[in-house]
Amino acid sequence: MIRGNIPGSFPRSVLEERHPALIDRVRRSFPYGAEQQRALDALLIEIDGGDITPLPEEAHDHERWAEWGYPHHGRRWLDVPFLWAESFFYRRLLEAVSHFGPGPWRGLDPFAPVKHAELRGEGVDALLEALHDLGSRPAEERLRALLLASLQGNRADLSFGMVPGGGLGEGEAGLVVDELTAARDLLEPGPEGAGTVAVIADNSGRELIADLALIDHLLVHGLADRVVLHVKPAPYYVSDAVLADVMHAVRRLSFGPGRTAGIGERLWEAIGTDRLSLSAHPFFCSPLTFAEMPADLRTELAGCAVSLFKGDLNYRRLVGDRLWPATTPFAPLVAHFPSPVVALRLLKSDVVTGLPVGTVNRLTATEDDWRISGAHAVVQTAGS
Ligand SMILES: O=P(O)(O)OC[C@H]1O[C@](O)(CO)[C@@H](O)[C@@H]1O
């Protein structure tokens, strides 16, 4: 189990450096009132070597977190499982800024300014242009490009596979595991039709726009009869998509150049007819792994033809947030999942599975931070 108590480790740097910096950034995002400022001060002190305190009893999800939090309350943030510590940190941050409170701050996304800046930025302009250009390429080529665009959505350079990898001769998009062909095979309709595809979203902005373009392609080309896009029910891990971000992204597409406007319009209509459904289950802001997901969500996902997992955090929750030897086979680790799986993931944390031994040796010999740098990626599949 990954924890933050190893000096020099990645999780430790997240808990000791990124989280305090994030509190600072949230303070600069909105002119919060004195009550919120005091609560942020208290959280800052607590995460700096203090003991974890539970949510206040009046919090709507106090009971749920009391259950999930047992037995971590009262321990140091560094000593509890990293996934739990990160999840609870975001929940506490929302508490500090009165996100669920009865007052005027209720519902304000503390990360909205960051998200909106990205949506207005040049990266999104470039992506929209690229999506327009992509429309003239053959459908088969487009699917591959869209899967790669979705994979690389949170990378700086979005040029559909033209991005150089980690300089290790990995070929397209820095892939250290490339099961794109198997992913496309899984998306082929069966004799009874294509069925429902679940997309487990990650970040808003560029990544979500690329995901939405992929979803449009699946619907237009009959690779999905219906798509369910699973987003977070509350702001989480800074840029993770919530429902409002989907709306902003669809509007951005609708007002985009050339063919991208058509993508936005089709998605708008698909939402209105439930061919594209939006879901925001509480599980997605919980500290649980997919092996522990509640029965209602498990039943829903079991009915899907394919579940497409985006990003690092979803990957950690899929295989378990553990220091697996990087050669541990991927498929058996996700055998608990009730539908076939496609994972599109940049490597941004210590959790890695399914790598060939030669690749692990090569990466270990040449780069200290290959697990966390985001320079490498995997497309992994399981199930049939
Ligand atoms: O947006 P992604 O791809 O899920 O990445 C988020 C990652 O960032 C971190 O929170 C580190 O800040 C990781 O722990 C996490 O897995």
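In this predicted model, strand β5 pairs with strand β6, which spans residues 341-346. Four bridges join the two strands, and they run parallel. Phenylalanine 309 of β5 has alanine 343 as its bridge partner in β6. Strand β5 also pairs with strand β2, residues 196-200. Here, too, four bridges are found and the strands run parallel. Phenylalanine 309 serves again in this pairing, as the bridge partner of isoleucine 200.

Strand β5 covers residues 306-310 and is mostly covered, with five of its five residues buried. Its side chains point two ways. Val306, Leu308 and Lys310 point to one side of the strand. Ser307 and Phe309 point to the other. Residues on both sides are buried.

The chain is assigned two domains. Domain 1 spans residues 10-110, and domain 2 spans residues 116-382. Their centres, taken over C-alpha atoms, are separated by 28 Å. Contact between the domains involves 15 residues of domain 1 and 16 residues of domain 2. On the domain 1 side, α1 and α4 are the elements that give two or more residues. The largest share comes from α4, with eight residues. By residue class, the domain 1 side divides into eleven nonpolar, two polar and two charged residues.

Helix α4 runs from residue 82 to residue 96 and contains glutamate 86. Is glutamate 86 buried or exposed? The cut-off for a buried residue is 20 or more other C-beta atoms within 10 Å. Glutamate 86 has 24 such atoms within 10 Å, so this residue is buried. Glycine 135 lies 49 residues away from glutamate 86 along the chain. The C-alpha atoms of these two residues are separated by 39 Å.

A ligand is also present in the model, with 13 residues around it. Val14, Gly311, Asp312, Leu313 and Ser349 come nearest. Two elements give two or more residues to this shell: α1, residues 10-29, and α13, residues 311-319. Helix α13 gives the most, with four residues. The shell divides into three nonpolar, four polar and six charged residues. Where does the ligand lie with respect to domain 1 and domain 2? Both domains give residues to the shell, so the ligand lies between them.

Nonpolar residues were then grouped into cores. The largest nonpolar core holds 77 residues. Within this core, Val197, Leu212 and Val227 touch the most other members. Helix α9, residues 206-220, gives the most to the core, with nine residues. The contacts of valine 227 can be listed, leaving out residues up to four places away in sequence. Valine 227 touches Val197 and Val199. The list continues with Ile215, Leu218, Leu219 and Leu276. A second core is separate and has 23 residues. Leu15, Ile52, Ala96 and Cys285 are among them.

Terms used:
Residues numbered from 1 in each chain as written. Predicted model: local features only at pLDDT ≥ 70, side-chain atom pairs only at ≥ 80, totals over all residues. Buried ≥ 20, exposed ≤ 12 C-beta atoms within 10 Å, placed from the backbone. Near = placed C-beta within 6 Å. Nonpolar A, V, L, I, M, F, W, Y, C, P; charged D, E, K, R; others polar. Domains from an automatic or database assignment. Pairing = 2+ DSSP bridges. Contact = placed C-beta atoms within 7 Å. Core = buried A, V, L, I, M, F, W, Y, C linked by C-beta atoms within 7 Å.
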